[in-house]
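Biologist: Could you walk me through this model, starting with how far to trust it?

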Amino acid sequence: MRTRSTRIVLVTTGCLAFGLAVSVALAWALCLWPTRNLGNTFQLGVNSRPDGERSSHTVYHWSNTRSVGFRHVAIWQIPGHEPINRHAARRMREQIHAGKAGLPPDQRAAGPYVEPAWPSWLPTLPEDETERAQWGARAAGWPLPCLASRSSATSTGPGAGTRQTSWSMRLIPATPTSGAAPQDPDRGAVPLRPLPLGLAANTLLFASPLIIVLVVVPTARGTIRRRRGLCPACGYERRGLEPGQPCPECGQARANTETRTHRGRARAKA
Ligand SMILES: [Zn+2]
């Protein structure tokens, strides 16, 4: 019985590897989709000082792009205002979660509008953020985001300043931007940081049809045939044959026919 369970484990592992490869390839393909303009830029005012200190209200730009299988979120400082810091980021997140951020309804109607969100893959700002004037993250994957990258820069505006990216790999060289709309400065690069829940769910989704066809159906068919006294491999009628005799039709060895007897079941578990 060991060979059959080994085969099930190997085939299942292969199916999961395939599902993982499809999830990653799809996420990257959606990320590399030709032009990604940054959408829905609006302003968010928050207190940028820690609790207990005198408050100092600062306004930040917030950009939220959402399309099929791709998300990009960026926050950047308005020139002359304070750099982004973690206190401001925490308050922004609270405002967004409380639904107190975003454009008023009459302005939303004017164009495509995406409700601001603070996704879980947008990391908390580091302690040493004083130099950072902008902060952003991208995530890709379908149906759930499964890979993410982050970026920061030392001056304001999309793509400006000395940029630092992490968990990002450039596949297509950067080209000069054209047109008035600000574009995703990391376009041409793909995210690498796994988002565990999304990656597991997407992998299972893409692996499950293969697992059903290659593992579940053959295993169920073999079990049913064995119970009916047929050869589990080809369905040949085994009645009248010695238990140890290989199948005369396909040559299937005796091991796979043994679960019919109690002794066989006990041996199979061993
Ligand atoms: Zn057979």
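Modeller: Happy to, and the weak spot comes first: pLDDT, the predictor's confidence in each residue from 0 to 100, stays under 50 over residues 255–270. This is a predicted model, in which local features need pLDDT of at least 70, side-chain atom pairs count only at pLDDT 80 or more, and totals for chains, interfaces and linings use all residues. Residues are numbered from 1 along each chain as its sequence is written.

Biologist: How many contacts beyond four places in sequence does the model have for residues 255–270?

Modeller: A contact means two C-beta atoms, placed from the backbone, within 7 Å. Where pLDDT is low, the predicted coordinates should not be read in detail. With that caution, the number for residues 255–270 is 17.

Biologist: In which element is confidence highest in the protein?

Modeller: Helices (H or I, at least four residues) and strands (E, at least two) are DSSP runs, numbered from the N terminus. The protein averages a pLDDT of 82, and 80% of the residues score at least 70. The lowest mean, 44, belongs to helix H5 (residues 262–269), while the highest, 96, is that of strand E9.

Biologist: What share of the 270 residues counts as buried?

Modeller: Buried means 20 or more other C-beta atoms within 10 Å of a residue's own, exposed means 12 or fewer, and partly exposed lies in between, with C-beta atoms placed from the backbone. The protein has five helices and nine strands. Among its 270 residues, the buried share is 29%.

Biologist: Why does strand E4 count as largely enclosed by the rest of the structure?

Modeller: One face of E4 carries Gln134, Gly136, Arg138 and Ala140, the other carries Trp135, Ala137 and Ala139, and all of these are buried. In a regular strand the side chains alternate between the two faces of the sheet. E4 (residues 134–140) is largely enclosed because its buried residues number seven of the seven.

Biologist: Which residue of E5 stands opposite Gln134?

Modeller: Strands pair if DSSP finds at least two bridges between them. E4 runs antiparallel to strand E3 (residues 70–77), with seven bridges joining them, and Phe70 has Ala140 as its bridge partner. E4 also pairs in the antiparallel sense with strand E5 (residues 147–153), again over seven bridges. There, the residue opposite Gln134 is Ala153.

Biologist: Which strand gives the largest share of the largest nonpolar core?

Modeller: Such a core is a set of buried Ala, Val, Leu, Ile, Met, Phe, Trp, Tyr and Cys residues joined through C-beta atoms within 7 Å. The largest one has 30 residues, with Ile75, Ile84, Ala139, Leu147 and Leu195 making the most contacts inside it. Its largest share, five residues, comes from E3.

Biologist: At which residue does helix H4 bend?

Modeller: H4 (residues 196–227) has 32 residues, and its end C-alpha atoms are only 41 Å apart, short of the 46 Å of a straight helix, where the expected span is 1.5 Å times one less than the number of residues. A bend is the angle between axes fitted to the seven residues ending at a position and the seven starting there. In H4 that angle is about 45 degrees, at Ile211.

Biologist: Is Asn47 buried or partly exposed?

Modeller: Asn47 sits in strand E1 (residues 41–47) and touches Ser55, Ser56, His57 and Arg91, leaving aside residues up to four places away in sequence. Because Asn47 has 16 C-beta neighbours inside 10 Å, it counts as partly exposed.
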